[in-house]
Amino acid sequence: MNRIILSLFIAVFTLTVNAQITTPQPSPLQKIEQIVGLTDITVEYSRPGVKGRTIFGDLVPFNEVWRTGANANTKITFSTDITIDGNKVEKGSYTIFSIPTEKSWDIVIYEETKSGTPKKLDETKIVAKVNVATQNIPMVIETFTISFDDMTTNTAVLGIMWENTYVGFKIETPVEEMVSNQIITVMNGPSAADYYAAASYYLEADKDIKEAQIWIDKAIEMTAESPKFFYVRKQALIHAKAGDKKGAIKAAKESLRLAKEAGNAGYIKMNTASLKEWGAM
């Protein structure tokens with residue numbers, strides 16, 4: 001009986017020690033996502049409050065690097081290359097640093113995203129920098145806010161608001177280039193990779209082998225200047241299944257030659273085995 005009571009006491013004590021109290025964060029995390037043109041843009045940042053304090057020029061000093069939020073650095077991610085004030089920014093994730101003054105801010109897109117705000121920014125890590133004028137807001141914005149404003153088909157202004165201040169900078173996305181490339185691709189028809197994938201599927205799924213034969217031959221024709229040993233290997237298998245032994249042997253010999261040039265032992269072995277099976281070696 002004493003052992004049972006002792007065990008219960010230990011269990012209750014352990015639960016009490018391990019228990020944790022969860023309370024709201026003073027600067028809660030927010031993640032906002034916006035499609036601008038054909039580009040996905042994500043911003044992750046923490047949202048401090050004014051709480052009766054003087055913010056800019058006091059809590060956030062002028063002429064010093066600020067993480068543009070609270071807690072961890074504010075991170076922005078682009079799914080495609082974009083442009084900020086004439087500066088090309090490659091797709092990926094970056095930190096948004098700010099250097100506020102009373103009349104304007106320097107907004108910096110910085111290639112390093114680890115936590116911590118440096119006293120001085122490394123110029124080699126600055127991928128874009130834009131100076132934007134501050135705008136006075138006739139009311140107090142209690143909670144630090146980042147938003148996507150003034151949307152067009154290919155641009156958006158990333159707005160930053162807190163206390164009585166608003167700043168914003170324009171992000172341009174390559175809509176025209178992306179749409180033009182899509183139009184060219186569609187109008188030019190399927191690529192060699194498309195024909196190869198379709199032929200491979202028909203071979204493996206035991207579908208119309210004659211159709212697969214047409215597609216794989218088209219893929220080989222389109223890659224004639226730079227033939228791929230695995231494309232030609234697939235051609236050999238499809239022709240063999242279609243009953244074209246002569247064509248299968250020819251393709252297997254070519255695939256074997258290309259595999260030897262590439263030093264691919266696996267395809268050398270497979271092609272050699274097929275040629276023996278088809279009586280060509």
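Let me start with strand S7, residues 104–110, which is joined to S8 by seven bridges, the two strands running antiparallel. I should say straight away that this is a predicted model, so please hear everything that follows in that light.

That pair belongs to an open sheet of six strands, with antiparallel pairing and the order S1-S2-S3-S6-S7-S8. At the edges are strand S1, covering 29–36, and strand S8, covering 126–133, each of which pairs on one side only. From one strand to the next, the twist averages 20°.

Now to a single residue, serine 104, which lies in strand S7 and stands opposite alanine 133 in S8. Is serine 104 buried or exposed? Its relative accessibility is 17%, and because buried means under 20%, serine 104 counts as buried. Its side chain makes a polar contact of 3.3 Å with the side chain of asparagine 131. If we leave aside the neighbours within four places in sequence, serine 104 is in contact with Ile99, Asn131, Val132, Ala133 and Thr134.

Stepping back to the whole protein, we have seven helices and 10 strands. The radius of gyration is 31 Å, whereas a compact globule of 281 residues would have one near 19 Å, and the C-alpha atoms fill a box of roughly 90 × 80 × 35 Å along the principal axes. Buried residues account for 38% of the 281 residues, while the exposed surface comes to about 16,800 Å², with carbon and sulfur atoms supplying 54% of it. Finally, among contacts between residues at least 6 apart in sequence, 54% join residues at least 24 apart.

Key
Residues numbered from 1 in each chain as written. Predicted model: local features only at pLDDT ≥ 70, side-chain atom pairs only at ≥ 80, totals over all residues. Heavy atoms only, no water. Pairing = 2+ DSSP bridges. Helix = DSSP H or I, 4+ residues; strand = E, 2+ residues; numbered from the N terminus. Axes fitted to C-alpha atoms, helices over the stretch in contact; angles between N-to-C directions. Buried < 20%, exposed > 50% of the residue type's maximum accessible area, 1.4 Å probe, protein only. Polar contact = N/O pair within 3.5 Å; in protein donor to acceptor, adjacent residues only side chain to side chain. Contact = heavy atoms within 4.5 Å. Rg over C-alpha atoms; globule rule 2.2 N^0.38 Å. Areas by Shrake-Rupley, 256 points an atom, 1.4 Å probe, with all protein chains shown as cover.
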